[in-house]
Amino acid sequence: MKNIRLIIASALVYTMCSCGVKNASANDAGRVGIEDMTSDSGINQQEYSDLIKTVYAKFVFAIDADPEVYAHPERYFTANALAKLKDSYEFDCEDNDCYAFYELRTQNQDSKPGTSGESDIISIEHTGDDWYIVRYSDMGWAGMTLIRIVDGRIDDFNRDAGDL
């Protein structure tokens, strides 16, 4: 329940401030920052930021994904997250391990007109209680996903956390 209140509060703060993410251009996408570099428990938040960047590069925004990486998503995701990604998979699956990594990005299928169409992380913000807000440009469209990290792997996520 505490996590839900934190997510709602974060979304409200985000919608009330003019953080500039709504108007972020593809040129801004190369700037990746992380706020609050150490958590209350002393864990280095840079490690978790790097994990999120790696997951987005290898799974979420990957164009030519490495089959060896795709064969071992458990290195980056907990069983809970993998079950959620597997349940969300909407297409025919020839084997039993098809995951909806697209759940960690926007629902847009085409590049935003007038942009380069590139996809990049804009920022990663630690909100406390193992949750991170990931803001990104998805083919020029602004997106935001909440991600929870447990034991050094992504354990949960929520794309529909707020309106950008």
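**View 1. The lining of the second largest pocket brings together E90, F91, Y102, E103, R105, T106, Q107, N108, Q109, M139 and R159.** As with the other views here, this close-up comes from a predicted model. The pocket has a volume of about 230 Å³. By residue class, its lining holds 3 nonpolar, 4 polar and 4 charged residues. Keep an eye on M139, one of the lining residues, as we will meet M139 again in a turn.

**View 2. Strand β3, residues 131-138, is mostly covered.** Of its 8 residues, 8 are buried. Follow the strand along one side and you pass W131, I133, R135 and S137, while the other side carries Y132, V134, Y136 and D138; both faces are covered.

**View 3. Strand β2 (residues 120-128) runs antiparallel to β3.** The two strands are joined by 7 bridges. Look for G128, which sits opposite W131 of β3. Between the strands of this hairpin lie 2 residues, and D129 adopts a positive phi near 50 degrees.

**View 4. Strand β4 (residues 141-150) pairs with β3 in the antiparallel sense.** Here the pairing extends over 8 bridges. I133, one of the buried residues of β3, has L146 in β4 as its bridge partner.

**View 5. A turn with 2 residues between the strands completes the hairpin of β3 and β4.** Within this turn, M139 has a positive phi of about 55 degrees. This brings us back to the pocket of the opening view, where M139 is part of the lining.

Definitions and conventions. Residues numbered from 1 in each chain as written. Predicted model: local features only at pLDDT ≥ 70, side-chain atom pairs only at ≥ 80, totals over all residues. Heavy atoms only, no water. Buried < 20%, exposed > 50% of the residue type's maximum accessible area, 1.4 Å probe, protein only. Helix = DSSP H or I, 4+ residues; strand = E, 2+ residues; numbered from the N terminus. Pairing = 2+ DSSP bridges. 1 Å grid on protein atoms, 1.4 Å probe; cavity = no way out; pocket = protein on both sides within 12 Å on 5 of 7 lines; lining within 4 Å. Points joined across faces, edges and corners; volume = space filled by probe spheres on them. Nonpolar A, V, L, I, M, F, W, Y, C, P; charged D, E, K, R; others polar.
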